[in-house]
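Ready for some practice in reading a protein structure? Work through the exercises below with the model open beside you, and try each task before you look at its solution.

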Amino acid sequence: MAAKKERDVVKEYSVKQTVEKLRRLADCLESGKPFRIQIAGERVNVPAGAVFNIEHEREGNSEEVEFQFKWENKSD
């Protein structure tokens with residue numbers, strides 16, 4: 001399996017799109033299934049065992065909350 005290129009992409013979604021994605025995510029989490037999403041043209045499979053964390057950042061007048069999943073891809 002070829003190594004994947006490094007990537008750091010931010011994609012903005014409308015409120016409606018965000019709600020749809022969060023509902024699908026919640027369904028996957030509740031059922032123990034992987035979550036699949038396409039971000040900026042690339043399909044990403046988040047495994048059911050991924051670690052979930054929430055990050056809060058503040059700098060000056062700007063604040064940010066990030067919902068993150070982290071996992072290691074198995075190499076063959």
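One definition will help from the start: a residue counts as buried under 20% relative accessible area, as exposed over 50%, and as partly exposed in between. Keep in mind, too, that this is a predicted model.

**Exercise 1. Find the elements of the protein and describe its overall form.**

Step 1. Begin with the secondary structure: the protein has 1 helix and 4 strands. Read from the N terminus, their order is α-β-β-β-β.

Step 2. Next, compare the radius of gyration with the globule rule. The protein comes to 14 Å, well over the 11 Å that the rule gives for 76 residues, so it is more spread out than a compact globule.

Step 3. Now look at the extent of the C-alpha trace, which spans about 45 × 30 × 25 Å along the principal axes.

Step 4. Finish with burial and surface. Of the 76 residues, 9% count as buried. The accessible surface is about 7,200 Å², and 49% of that belongs to carbon and sulfur atoms.

**Exercise 2. Classify Phe 52 and Phe 69 by accessibility, then work out what their ring pair joins.**

Step 1. Phe 52 has a relative accessibility of 41%. Because this value lies between the cut-offs of 20% and 50%, Phe 52 is partly exposed.

Step 2. Phe 69, with a relative accessible area of 22%, is partly exposed as well.

Step 3. The structure holds 2 aromatic pairs. In one of them, Phe 52 and Phe 69 sit 4.9 Å apart, centre to centre, with 45° between the planes, and the pair is tilted.

Step 4. Place the two rings: Phe 52 belongs to strand S3 (residues 51-59) and Phe 69 to strand S4 (residues 62-70), so the pair ties together parts that are 17 residues apart in sequence.

Step 5. Widen the view: ring pairs link Phe 52, Phe 67 and Phe 69 into a cluster.

**Exercise 3. Which residues does Val 51 contact, leaving aside its neighbours within four places in sequence?**

Step 1. Locate Val 51 in strand S3. Its relative accessibility is 52%, so Val 51 counts as exposed.

Step 2. Beyond those neighbours, Val 51 is in contact with Gln 68, Phe 69 and Lys 70.

Step 3. Check one of these in space: the C-alpha atoms of Val 51 and Lys 70 are 5.2 Å apart, although 19 residues separate the two in sequence.

**Exercise 4. Set separation in sequence beside distance in space for two further pairs.**

Step 1. Take Lys 11, found in the segment before helix H1 (15-31). Lys 11 and Gly 41 are 30 residues apart in sequence, and their C-alpha atoms are 10 Å apart.

Step 2. Now take Asp 27, which lies in helix H1. Asp 27 and His 56 are 29 residues apart along the chain, with 25 Å between their C-alpha atoms.

Step 3. For the whole protein, consider the contacts between residues at least 6 apart in sequence: 24% of them join residues at least 24 apart.

**Exercise 5. Explain what stands out about the backbone at Ala 40.**

Step 1. Recall the general pattern: most residues other than glycine have a negative phi.

Step 2. Ala 40 has a phi near 50°, a positive value in a residue other than glycine.

Step 3. Find Ala 40 in the loop between strand S1 (35-39) and strand S2 (42-46). With a relative accessible area of 46%, Ala 40 is partly exposed.

Technical notes. Residues are numbered from 1 along each chain as its sequence is written. This is a predicted model: local features need pLDDT of at least 70, side-chain atom pairs count only at pLDDT 80 or more; totals for chains, interfaces and linings use all residues. Side-chain values use heavy atoms; hydrogens and water are left out. Helices (H or I, at least four residues) and strands (E, at least two) are DSSP runs, numbered from the N terminus. The radius of gyration is taken over C-alpha atoms; the globule rule is 2.2 Å times the number of residues to the power 0.38. Buried means under 20% relative accessible area, exposed over 50%, partly exposed in between (1.4 Å probe, protein chains only). Contact means heavy atoms within 4.5 Å. Accessible areas come from the Shrake-Rupley method with a 1.4 Å probe; for residues, only the protein chains shown count as cover. Rings of Phe, Tyr and Trp (its six-membered ring) pair if their centres lie within 6.5 Å; planes under 30 degrees apart count as stacked, over 60 as edge-to-face and the rest as tilted.
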